Every structure is written in structure tokens, then in C-alpha cells.
Amino acid sequence: MKPQVEQTIRRALLAVRRDVLREASPLPEEELDMELVALGTLQELFQIRSLLWRDVPRLLHENLMAAKLRRAVSYTYLTPSQRHARDVKDYLKRSKGVPSRNVVAAPSPPIAPARPPVPASLPTSLKKLFTRSPNGNCNAIPAEVAARLNVYEIMAYALNRLPPMYASSDHGLKQQRYRAKVELSARISEVLREAIVKVAKSPLRGAQPLLQSTAIAERDYALQAVREMLGREDVSLENVGDVVREALAQVRTGNLVWQSQPSSSWYAPY
């Protein structure tokens with residue numbers, strides 16, 4: 001399948017290049033998977049190729065300690081005049097309202113999440129259609145059926161049998177959803193019925209679910225650990241990348257007050 005994938009990517013690159021009038025309006029933030037955006041930002045900051053939420057507290061602590069140690073070592077090897085110059089800079093920062101390394105800084109205001117230039121996850125136009133469209137509404141599945149079957153398994157079965165309809169811009173997303181409603185409405189209803197029957201006939205289908213609850217718990221533990229480590233109660237999924245970037249910048253200049261002693265509460269019990 002590798003040659004087909006490479007050929008498809010080449011065609012996509014050529015198609016986008018030729019269409020100079022293609023609208024490039026960014027996707028609305030509510031359409032992005034903020035969890036993937038946050039993990040992608042943290043991967044870049046920690047320079048880790050594959051990052052799990054469970055590793056975030058450890059990596060943040062290690063990076064902060066390493067930056068603190070590098071600063072301490074560099075200060076040790078400064079000449080008296082260089083140390084004096086650094087102390088003067090710290091004094092000037094304090095006089096301008098910038099906290100020095102010896103002053104406890106006031107809590108920073110919440111950081112507005114920055115829109116990523118490249119979305120970490122492209123939404124498919126069909127996903128929300130399954131929960132909104134009258135013909136393809138998974139919420140319309142009878143309660144007795146939903147109690148016995150895995151609704152997500154039904155959605156996965158149906159989505160795998162419908163054409164992919166991904167979008168990378170707000171305009172493209174609206175066009176794809178309109179096309180799905182107009183051209184695929186009957187097909188969606190048909191595939192959904194087929195999916196219900198297929199899943200109902202295979203009781204062992206999807207018996208091993210994705211570890212979604214564990215992943216969510218690890219994410220929540222990681223966010224809480226960042227809050228405790230940095231003393232920032234405003235840390236959220238939307239701004240964790242910006243908060244960590246700011247902390248790493250502050251610790252390099254000695255202007256960060258943080259909890260350097262590791263805590264067992266920072267790590268998910270898995």
C-alpha cells in the first residue's frame with residue numbers, strides 16, 4: 001500500500017498548488033481536537049517524538065531541573081564582574097516590575113490559547129453528522145439496543161464504509177458537510193442500519209475496548225501535576241502548551257518559582 005499512499009500524497013500536493021484561489025480560512029477551534037494540539041505542542045517543547053500524558057509531569061520536572069542546573073553552573077563560572085553585572089540586571093528587572101529569581105512572582109493571568117498554524121487533527125465531516133443528522137443519528141438508536149451494543153463500534157463500522165470527507169479549512173468543512181447531507185443522506189442511513197445488524201450479530205466484536213478511561217485519567221493527572229508543579233491553577237487543555245513554554249523560558253532566566261520536589265500525586269496510578 002506504500003506506493004498508493006505516496007502517489008495519493010503527490011496528487012494532493014499538486015492539486016493544492018494549482019488552486020491558488022483555494023480559501024485557507026482556518027478551522028474553528030471547536031472543530032479541532034485540542035488534546036492532540038496540546039500533546040503536539042508539548043512534544044515540540046520536550047523534543048520527544050511520541051509523547052503520552054503519563055510522561056508529561058516527569059519530562060516537565062526533568063526539563064526544569066536541567067535548565068536550573070545549567071543556570072547554576074554557568075553562574076558558578078562567572079567572574080566577579082560578570083556576577084555583578086547579572087545582579088544589576090536582576091535589580092533592574094525588579095525595578096521594572098519583573099520578578100527576579102529570589103522574588104515570589106504573583107500568579108500569572110490566564111493565557112489565551114493560540115491557534116495552531118497547522119491543525120493537529122483534521123475533522124471528518126461525517127462524524128458530527130452521525131450525531132446531528134436525522135437520517136444518521138446514533139442518538140436515535142433505541143435504548144434497549146444501545147444498552148446491549150457499543151455505539152462507538154457502530155459508528156466506526158459505518159464510517160469505515162463511507163467515503164472519507166476530511167477538511168482543512170472552515171469553508172471546506174462546510175462544503176463537505178453540505179455534500180454529505182445532500183448526496184450521502186440515504187447512504188448514511190443504510191450503512192447505519194447495516195452496522196447495527198452486524199454488531200448485534202457479533203457479540204464478541206469490540207470486546208476489548210480502547211483504554212479511553214485510562215487515557216482520560218492520565219491526562220487529568222498530568223494537567224493537575226502541571227498546576228501543582230508551577231503553582232498555576234489556570235492550567236487547562238487549551239493553554240498547557242503556552243504555560244509550559246513560558247515556564248521553561250522563565251526558569252532559564254531564574255525568574256520561575258516552582259515546586260522542585262517531586263510528588264507522588266503527579267503520576268497516574270497505572
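# Exercises on salt bridges, a helix and a surface patch

The side chains of Asp55 and Arg58 come together in a salt bridge, with 3.8 Å from N to O. The model behind these exercises is predicted.

**Exercise 1.** Work out why the contact between Asp55 and Arg58 counts as a salt bridge, and how Arg58 is classed by accessibility.

Solution. The rule asks for a side-chain nitrogen of Lys or Arg within 4 Å of a carboxyl oxygen of Asp or Glu. The pair Asp55 and Arg58 has an N to O distance of 3.8 Å, so the contact passes this cut-off of 4 Å. As for accessibility, Arg58 counts as partly exposed because its relative accessibility is 35%, and that class lies between the limits of 20% and 50%. Across the model, the rule gives a count of eleven salt bridges.

**Exercise 2.** Describe the network that includes Arg219 and Asp220, and state which class of burial each of these two residues belongs to.

Solution. Begin with the pair itself, in which the side chains of Arg219 and Asp220 form a salt bridge of 3.2 Å from N to O. Next, add Glu35, which is linked with Arg219 and Asp220 in a network of salt bridges. Finally, compare the accessible areas with the limit, since buried means under 20%: Arg219, with 18%, is buried, whereas Asp220, with 38%, is partly exposed.

**Exercise 3.** Determine what parts of the chain are tied together by the salt bridge between Arg232 and Glu246.

Solution. The closest N and O atoms of Arg232 and Glu246 are 3.9 Å apart. Arg232 sits in the loop between helix H10 (212–230) and helix H11 (240–252), while Glu246 belongs to helix H11, so the salt bridge ties together parts that are 14 residues apart in sequence. Arg232 is buried, at a relative accessible area of 7%, and Glu246 is partly exposed, at 23%.

**Exercise 4.** Check the length of H11 against the span expected from its residues, and list the residues of the helix that are buried.

Solution. With 13 residues at 1.5 Å a residue, H11 should span 18 Å, and the 19 Å between its end C-alpha atoms agrees with this. Its buried residues include Val240, Val243, Val244, Ala247, Leu248 and Val251, together with Gly241 and Asp242. Just after H11, Gly254 adopts a positive phi of about 75 degrees.

**Exercise 5.** Place Ile9 in its helix and in its surface patch.

Solution. Ile9 lies in helix H1, which covers residues 2–18. With a relative accessibility of 48%, Ile9 counts as partly exposed. Together with Met1, Val5 and Leu13, Ile9 forms a nonpolar surface patch whose combined accessible area is about 440 Å².

Terms used:
Residues numbered from 1 in each chain as written. Predicted model: local features only at pLDDT ≥ 70, side-chain atom pairs only at ≥ 80, totals over all residues. Heavy atoms only, no water. Patch = residues over 30% accessible without salt bridge, like charges linked within 9 Å, V, L, I, M, F, W, Y side chains within 5 Å. Areas by Shrake-Rupley, 256 points an atom, 1.4 Å probe, with all protein chains shown as cover. Helix = DSSP H or I, 4+ residues; strand = E, 2+ residues; numbered from the N terminus. Buried < 20%, exposed > 50% of the residue type's maximum accessible area, 1.4 Å probe, protein only. Expected span 1.5 Å × (residues − 1).
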